[in-house]
Amino acid sequence: MAAIDTHDPATIRKLSDEATRVLLNKPNTISSTHGGWMMIATILIEAWDLYAIAFVLIFIKTDFNPTAAQLGLATAAVQGGALIGALLGGIFADYFGRKKVFIGTMILFIILAIAQAFVRDIWELILIRFLIGIPLGSDISNGYAYIMESMSKGKREQMGSRWQFMFGLGEVFAIIIITVMYVIGMDHSLLWRVALALGAVPAAILLFWRLDLPETPLSLLQRGHFRKAKEVSKRLFDDPLDMLPNEDVNPPKPKLGDFLKVIWADPIKKRATIFSWISNACQGAEFTAWGFYLPVILVLSGVGVSSDGNITGTNMVTALIFCLATISGYVAPLMLPKIGHRGVAMWGFGLAFFGLILGGLGIQYDWKIIIVVGACILMWGHYWDASNGMTISSMVAPSRFKATASGFGYVFVKGASFFGAFVFPILSEQFGKAGATFSVAILSLIGFLAAKFILPEVYGYVETEELSDPQ
């Protein structure tokens with residue numbers, strides 16, 4: 001190998017780009033697939049935490065008698081925490097590596113999940129749920145970077161787009177387990193505490209499984225750890241990256257301002273990133289403003305409620321709707337090679353818009369079957385339109401900013417989710433649930449238009465900074 005100036009930042013970046021191109025065009029490996037599943041499984045834990053509270057809000061309300069604003073904060077606080085966690089976690093992961101962050105976040109989540117069971121009033125619950133959002137948001141931004149750096153072209157996009165499938169599984173598990181506790185007659189004050197604390201169990205299992213995962217080679221080489229990057233690359237991709245020198249280097253630390261400059265300088269990166277932010281915001285508010293409150297909407301509409309007030313039937317209807325949504329989340333990644341990211345997003349937002357309009361009409365005229373049909377169409381569409389926003393934002397970003405880009409993308413999900421969860425009860429009081437539902441449909445329409453007119457087709461995209469022809 002010819003002598004290489006390892007003190008020249010441009011040379012280091014060119015070497016990193018060469019290694020990036022080699023690895024991201026490699027065939028998939030068992031090791032990288034294993035790591036991808038370990039990262040995307042975080043969504044199952046988040047879904048449990050987010051949706052379990054939707055089923056126990058009625059019991060929390062009985063115990064603490066919160067105001068509408070306090071109840072909105074209790075549901076939305078985790079979204080606010082995740083917003084902060086997504087930013088901080090992404091930046092920390094780019095600075096210190098993926099593994100340190102994903103181990104730390106799981107430990108913190110386990111502690112906070114258990115703490116929810118011991119709160120004494122509504123304000124303590126709001127505070128704990130805000131704090132629990134921080135490791136959740138951090139793990140998502142870091143996890144997407146891990147997936148995009150450890151899996152091959154096409155496979156990484158499919159794995160990243162499976163987050164709605166995992167979300168659906170978490171929701172179904174939450175529905176079934178909470179319904180079982182309800183049916184066996186568990187005291188309602190105990191039930192909601194156990195339901196929220198149970199999220200620590202899958203988190204502990206996931207933490208144990210993750211302990212053996214390596215750092216990603218791309219994260220290592222972007223931080224100048226060339227020797228370790230070559231070693232891990234051999235393990236994950238069976239490629240020793242011979243173009244890299246056998247010595248570590250000291251590249252400049254990534255700067256937040258540089259991230260935005262790099263994204264804005266390239267038309268594909270810019271348009272794809274703008275779309276991902278719009279899409280994440282629209283789908284986040286779309287779900288938490290209506291899908292999240294679906295159990296409450298069904299109960300108040302009398303769907304599945306028995307004459308004596310038993311809500312087991314409502315829970316079963318909700319479970320069936322989310323089983324359908326889980327199937328949708330499984331199908332969406334399979335459609336990427338056929339219709340691309342634009343097609344998945346347009347179909348998803350279009351169906352979500354139609355489902356919300358139909359659901360709003362069902363609520364307005366008390367057509368119970370139409371409410372259920374509208375919910376089914378919404379959930380099928382939502383699990384498509386929400387599948388690829390995070391994937392796109394992370395995929396088009398350089399490796400030195402990939403976790404930061406994921407964090408930025410997730411900020412839009414969580415910011416909109418916080419807004420939707422907090423505002424929907426207030427909108428419902430002012431305009432009724434039908435009027436609030438029609439308002440949410442506007443968000444789905446915006447997402448559809450963004451997919452049609454802003455998003456370039458980026459399926460199979462391989463990002464580089466210094467090399468020409470990145471495709």
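Here is a chat between a trainee and a mentor about this predicted model.

Trainee: Before I trust any of it, what pLDDT does the protein average?
Mentor: We're looking at a predicted model, so that's a fair place to start. Some 92% of the residues score at least 70. The average pLDDT for the protein is 84.

Trainee: And which helix has the highest confidence?
Mentor: At the low end sits helix α15, residues 294-300, with a mean of 72. The highest value is 93, and it belongs to residues 188-197. That's helix α9.

Trainee: Over which residues does pLDDT stay under 50?
Mentor: Where pLDDT is low, the predicted coordinates should not be read in detail. The stretch you're after still has 13 contacts beyond four places in sequence in the model. It covers residues 467-471.

Trainee: OK, overall fold: how many helices are there?
Mentor: Don't go hunting for strands, as the protein has zero of them. The helix count is 19.

Trainee: What radius of gyration does the protein have, set against a compact globule?
Mentor: The C-alpha atoms fill a box of roughly 80 × 45 × 35 Å along the principal axes. For 471 residues, a compact globule would come out near 23 Å. The protein's own value agrees with that: 22 Å.

Trainee: Back to α9, then: which helices do its buried residues pack against?
Mentor: The buried residues of α9 are Leu191, Trp192, Arg193, Ala195, Leu196 and Ala197. At the N-terminal end, Asp187 acts as the cap, with a side-chain oxygen 3.1 Å from the backbone nitrogen of Ser189. As for packing partners, those buried residues meet α3, α5, α6, α8 and α10.

Trainee: Now Glu215: buried or exposed?
Mentor: Glu215 is in the loop between α10 (200-210) and α11 (217-222). Its relative accessibility is 11%, and the cut-off for buried is under 20%. So Glu215 counts as buried.

Trainee: Which residue offers its backbone nitrogen to lie 2.7 Å from a polar atom of the Glu215 side chain?
Mentor: Leaving aside neighbours within four places in sequence, Glu215 is in contact with Gly97, Arg98, Lys99, Leu220, Arg223 and Val232. Arg223 makes a side chain to side chain polar contact with Glu215 at 3.4 Å. The backbone nitrogen at 2.7 Å is that of Arg98.

Trainee: Last one: what share of the exposed area do carbon and sulfur atoms supply?
Mentor: Of the 471 residues, 59% count as buried. The protein exposes about 17,600 Å². Carbon and sulfur atoms supply 68% of that area.

How values were computed
Residues are numbered from 1 along each chain as its sequence is written. Side-chain values use heavy atoms; hydrogens and water are left out. pLDDT is the predictor's confidence in each residue, from 0 to 100. Helices (H or I, at least four residues) and strands (E, at least two) are DSSP runs, numbered from the N terminus. Contact means heavy atoms within 4.5 Å. Buried means under 20% relative accessible area, exposed over 50%, partly exposed in between (1.4 Å probe, protein chains only). A polar contact is a pair of N or O atoms within 3.5 Å; within protein, one must be able to donate a hydrogen and the other to accept it, and residues adjacent in sequence count only if both atoms are side-chain atoms. The radius of gyration is taken over C-alpha atoms; the globule rule is 2.2 Å times the number of residues to the power 0.38. Accessible areas come from the Shrake-Rupley method with a 1.4 Å probe; for residues, only the protein chains shown count as cover.
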